[in-house]
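Q: I've got a new structure open and I'd like to learn how to read a helix and then a chain interface. Can we walk through it together?

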Amino acid sequence: MEEVDKILILTLNHLGCDIDEKVKSVGGFGIEEVVSGVVRCIRTINSDCELPTSLPQNMAQRFRVAASIAQAVKDVGYPGDVGYQSLLYPNETDLRKIFMFLIEKLPKDTAAVSDEPLNKAALIHQEARRKLCASLTQSWIPAHCRHVARSYATRASVTNHGTYHTRQFMSKPYSSVESPSKVSPGLRTYYENYSRRITKMVGYEYLIATLLNSHAIQLQRDQILPKNTEEEGKSEAHTLEPLVTEDVQLNPLDVPLSGWSPLSSFETAQHMIDIKESEREVNLGTDVSAPEAGVTTEEQIRLKREEQLSRLQTEIGNVTNKTEECTQGIQDAVDALAKLTDDLIKEERLKEETVTELKMKQRTSSLLPESAANIQRLQGALKNSEEKMVRLQQQWQAHKKPLEEQLSQLTLEASNKKVNKEEILAEMSELRDKMKAMVQDASRKETALAQLKGQVEKMNKDINRSVYTKRIIDISAKEAANNERVRQVYRAVAAVHEGCGELVDIVRDTGTVQREIADLREQVDLEKSKKVEENLTQLKTDLNQVKKENASLKQQLL
Amino acid sequence: MLSTPRQLLMDLSLKISSALRLLGDNSKTEYATYQEVLRKVSEDLKKDCKSSTLIPEINVRDGGVVTHCHAALATLFIESVRGGHNASVVTSALEDLNWPADRLTETVQELESNRQLIQSRLASLGTYPPHIVDVDWKLNYRVRSSAGEEGGGAMYLVTLHTQEMEGKRGKVTFSCSLAELTHLVTRLRQATRCIQKYANNS
């Protein structure tokens, strides 16, 4: 019984009861300890419970509260008899039963040990708990100091620094710049000279949202059109070009409204500068003409501006036309040049051929006068060269053989090496895959390790060791059932166990008699421990007090 | 401490991948150009949105490589922080794009040094409920109404001052009886207890 009481007291202290160290058993509990212990147990089991942990002074209220606590104990599912008397006039055995039942009912946080440590939902919950814990322990910062604190903090948090620094997820339309090597030449000159970074186009505050958005769109597009992207890119470029030229030539004033494409934003900037300059000109003009004309109306300025605009438009048109003409001219000239160069090369080749023919003919003509001697000489030379030819051929054969052998050997080696190389490459890629898998595995295990460490840290506080030993025994029994050899051993042990069992039975029979004697003694002790007389006197004094209170209340009423 | 759940592969679009491939190619992109891109990316991500204005910049004739790769590298940084990819995942992704070792380590170092900052900038993107920062209240006691009815009791006029996105100020005004106010306070207490229980129970 002492062991049980120790565990009970330890558990109750852990729940927040302040039980004196001198109290060694449940029998030593006073009413205060009993009530606070029971109420704390119930609170832990059922968090909605709103019972007080101590009793009020007034006798009648005291009884009422005790009755409601007893009801709560029944609601939890206590099978035995319990009422206000079990709390106000406690008896050791009943009290022990009640506490044992309640502590048995306490929620076990050890049950949270899951077989699947990497459950995603569990991980999210854990992360959420961690974040909540962190933000609950943060110190409070007055609202008007928050943005100052934020500018010194390494990382901003909404819970700590308020919403001053937050902004909506707003992105601006942005189409990413193509690789300069892939676009058409017209666009390329634009990219090379005038393209601006995305930050300059959308501004710092929209940078992250815009990049995330455009990347998501690209990913989506990649999924739908995994292979046609290049063609699609080309077609996009084709459709882009005419649009742009139209914009420039027809109504340049609409460009600022037409969107945020890289080209148009550039154009916008240029226009703004143009307009500003023209304004300045207008202003200068008015300044000069002011003394002569007197009052210059808004209308005039507007008219002038329009005039200037139309002038500029026609100028732009002219310049564009001129550029086109020039480009055409250059293209034509380049074509003509290429043609002429080709012609020149052909002519030169023809000339060389003619020169060699001429030389041949000159030599033949010089041989003609002494034909007989010359023919003999020629025949001799022919013979010589034939002999030489044979000799050379023999030499060539002699050279050729070893070289050919060497060649075939080298080819063989090369092919061997190639095969080796392929094998090594395959091995490498395999190893790389393995490596990736292992990294994956390792990180998963790391997470599991961290999780389990956290759990171990929390477990250390737990006192209910018997649950663990029981679990370990269960697990080992399960393990034993799984293993073939261990199963045989297990069977043998079971047989031994059975033999022993018979022996134990005999011993038990002798023990039964002794136990009966002990039981009887215990019953006598129990009857003594119920403190019937003491409780009766306590009840009498309480009754007297209630009567007194009632009498005083009556007195007040009268 | 628990690490956040992380993915082990990065998803990059074809456009971004090809731009990064170009940036990492020793033969096509010079080292100086690459450094310029890296510097601009970390500069742009570091800059506080509130203090900056758009300054027109002198155009550098770099063949459009900087502009082209800048967005791609910035996207890589942001996506890797958003997905919780650690340095090794980014390294293997860049290895797959044939990056040389020196550029790779430099880029990953830059990313790691900026990670916390990008994280907090990402965290500040989104819709957040307004925060209550102050409260004004007034107790009205109605003795008799204009129609001559007696009673009515105490009414509380409460104004909650809130702070919304980008430091905008807001107000929530309501009136309630004592019972309603008590009810509200009880519910708030319950909510607090709920949150504390959730946070401590694991």
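Q: Which residues of H3(A) are buried?
A: Keep in mind that this is a predicted model. In H3(A), the buried ones are A:Arg62, A:Val65, A:Ala66, A:Ile69, A:Ala70, A:Ala72 and A:Val73.

Q: Why do the buried residues line one face of the helix?
A: Here's the general idea: an α-helix has 3.6 residues a turn, so residues three or four places apart point the same way. In this case, if you look down the axis of H3(A), the buried residues sit within an arc of 155°, so they line one face.

Q: What covers the buried residues of H3(A)?
A: The cover includes helix H2 (31–45), helix H4 (84–88) and helix H5 (92–105), which belong to chain A.

Q: Which exposed residues does the face turned away from the buried side carry?
A: On H3(A), that face has A:Gln61 and A:Asp75. Just past the helix, A:Gly77 has a positive phi of about 120°.

Q: Now the interface. How many residues of chain B are in contact with chain A?
A: People often give the size of an interface as the accessible area lost when the parts come together. Here we can count residues instead: 61 from chain B are in contact with 59 from chain A.

Q: What gives the most to the side of chain B that touches chain A?
A: That's H3(B), with 9 residues. The residues on this side of chain B split into 23 nonpolar, 25 polar and 13 charged.

Note on methods: Residues numbered from 1 in each chain as written. Chains lettered and ligands numbered in written order. Predicted model: local features only at pLDDT ≥ 70, side-chain atom pairs only at ≥ 80, totals over all residues. Contact = placed C-beta atoms within 7 Å. Helix = DSSP H or I, 4+ residues; strand = E, 2+ residues; numbered from the N terminus. Nonpolar A, V, L, I, M, F, W, Y, C, P; charged D, E, K, R; others polar. Buried ≥ 20, exposed ≤ 12 C-beta atoms within 10 Å, placed from the backbone. Arc of directions from axis to C-beta.
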